[in-house]
Amino acid sequence: MAKGGGERGALLPVSADDGKGNGGGGAGEDAALFKGSAMTRRGAVAALSYMACSVLLVMFNKAALSSYNFPCANVITLLQMVCSTCLLYVLRRLKIISFTNSDPSVPSDSLFFVPFRILLRTTPLSLAYLLYMLASMESVRGVNVPMYTTLRRTTVVFTMTMEYFLAKQKHTPPIIGSVALIVFGAFVAGARDLSFDARGYAIVFVANITTAVYLATINRIGKSSGLNSFGLMWCNGLVCGPSVLFLTYIQGDLKRAIEFPYLYSPGFQAVLLFSCILAFLLNYTIFWNTILNSALTQSMCGNLKDFFTVGIGWVLFGGLPFDLLNVIGQGLGFLGSGLYAYCKIKGK
């Protein structure tokens, strides 16, 4: 039974090794995006998938927290975790997906579908994910969308630092230069933000730090645990779900959510539904992209997709009057992201 489940699960891209044992057709096609490239075709698809999910999720989260003024960001985080975990359970029970790269090594009747020792090994990743989810959700509330995306670009600095300390990974001067350009552009763009909110800015920077820790932990634990993207998401849900439920209960968020006046509004429920769906897809593409490429590439993808986030967010939610200095800063950030993408594709 486990073997059959593993074969069916292999139909979905779930890990860095996915597809290597499925015959040779497509091996040449997937070898590199271009000749000499450091990014494969699957790596490029993973990166683009992440960017699309990320843009849409920011919009739906912003709509729930700002447009509807929903007061409980942690409740949205809890709903996203519950939906993702339930969906993974159903898919795994039906043998549509697998949680490991070598499915036969895990008993099919295992209580958690993965060995308990593996669950314990992924605990640091799950705790990093919990901090990342809570900080990222709260950071959307206090800052307008264009400035949110601008400040989030500084995540790459924290990611490079964490990669160096955790994996001793060093980067070439062109990569470091592109990151410096992004950070400089972020500070230029925020220099005259008329809606400056010190608390909002502080929460965004906390979210940047937790994001960097999370991505670096994925790159370190994800490849050594034997779990694929779905398996890592499953362990995160098992460990973090009860913690978020306890947190929302003691803070009274569950009661406030029940008393929310728009709780039964079809529009608000639609926003929550799409938020949960996109959170599942985003978590999957984060694991997929980080394992196939790197933690830094994952951060840089977050910068490249900001072009669409800034434009759509400004049109839908406003909050940022036109300012030449802001435009220049945004342009420098996009230029740095493009430089990194060029270096990555060329294998430099």
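T122 sits in the loop between α5 (116-121) and α6 (123-139) of this predicted model, and at 1% relative accessibility T122 counts as buried, because the cut-off for that class is under 20%. The side chain of T122 reaches the backbone oxygen of L119 at 2.9 Å, and, leaving aside residues up to four places away in sequence, T122 touches I221, S225, L227, L232 and C235. The chain around this loop is built from 16 helices and 0 strands, and 52% of its 348 residues count as buried.

**Overall organisation**

- The secondary structure of the protein chain comes to 16 helices, while the number of strands is 0.
- Among the contacts in the protein chain with a separation of 6 or more, 85% are accounted for by residues that stand 24 or more positions apart.

**The second largest cavity**

- A search of the whole structure finds 2 cavities of 30 Å³ or more, and the second largest of them holds about 70 Å³ of space.
- The lining of this second largest cavity consists of M81, S84, T85, Y129, Y214, M233, N236, G237, N283 and F287.
- Three helices, α4 (73-93), α11 (229-250) and α13 (266-292), each supply at least two residues of that lining.
- By residue class, the lining of the second largest cavity divides into 5 nonpolar and 5 polar residues, with no charged residue.

**T217 in helix α10**

- T217 has its place in helix α10, which covers residues 198-221, and at 10% relative accessibility T217 counts as buried, because this value is under 20%.
- A polar atom of the T217 side chain lies 2.5 Å from the backbone oxygen of V213.
- T217 and P124 are 93 residues apart in sequence, yet their C-alpha atoms are 7.7 Å apart in space.
- When residues up to four places away in sequence are not counted, T217 touches P124, L125, A128, L166 and G222.

**Cysteines**

- The search of the whole structure finds 0 disulfides.
- C276 is accordingly in no disulfide, and the nearest cysteine sulfur, that of C83, is 3.8 Å away, whereas a disulfide would need the two sulfur atoms to be within 2.5 Å.
- C276 is buried, with a relative accessible area of 9%, and C72 is likewise buried, with a relative accessible area of 0%.

**Residues placed around C72**

- E138 is found in helix α6, and it is partly exposed, because its relative accessible area of 22% falls between the limits of 20% and 50%.
- E138 and C72 are 66 residues apart in sequence and 9.0 Å apart in space, taken from C-alpha to C-alpha.
- Not counting residues up to four places away in sequence, E138 touches A73, R199 and I203.
- K255 lies in helix α12, which is made up of residues 253-258, and at 58% relative accessibility K255 counts as exposed, because this value is over 50%.
- K255 and C72 are 183 residues apart in sequence, while the distance between their C-alpha atoms is 9.8 Å.

**Backbone angles in two loops**

- Most residues other than glycine have a negative phi.
- N69, although it is not a glycine, has a positive phi of about 55 degrees; N69 is placed in the loop between α3 (41-67) and α4.
- The relative accessible area of N69 is 54%, so N69 is exposed, the cut-off for that class being over 50%.
- K95 is also a residue other than glycine with a positive phi, in this case near 65 degrees, and K95 lies in the loop between α4 and α5.
- K95 counts as buried at 16% relative accessibility, because this value is under 20%.

Conventions: Residues are numbered from 1 along each chain as its sequence is written. This is a predicted model: local features need pLDDT of at least 70, side-chain atom pairs count only at pLDDT 80 or more; totals for chains, interfaces and linings use all residues. Side-chain values use heavy atoms; hydrogens and water are left out. On a 1 Å grid over the protein atoms alone, a cavity is a set of points where a 1.4 Å probe fits but cannot get out, and a pocket is an open set with protein on both sides within 12 Å along at least five of seven lines; lining residues have an atom within 4 Å of a point. Grid points are joined across faces, edges and corners, and a volume is the space filled by probe spheres set on the points. Helices (H or I, at least four residues) and strands (E, at least two) are DSSP runs, numbered from the N terminus. Ala, Val, Leu, Ile, Met, Phe, Trp, Tyr, Cys and Pro count as nonpolar, Asp, Glu, Lys and Arg as charged, and the others, Gly among them, as polar. Buried means under 20% relative accessible area, exposed over 50%, partly exposed in between (1.4 Å probe, protein chains only). A polar contact is a pair of N or O atoms within 3.5 Å; within protein, one must be able to donate a hydrogen and the other to accept it, and residues adjacent in sequence count only if both atoms are side-chain atoms. Contact means heavy atoms within 4.5 Å.
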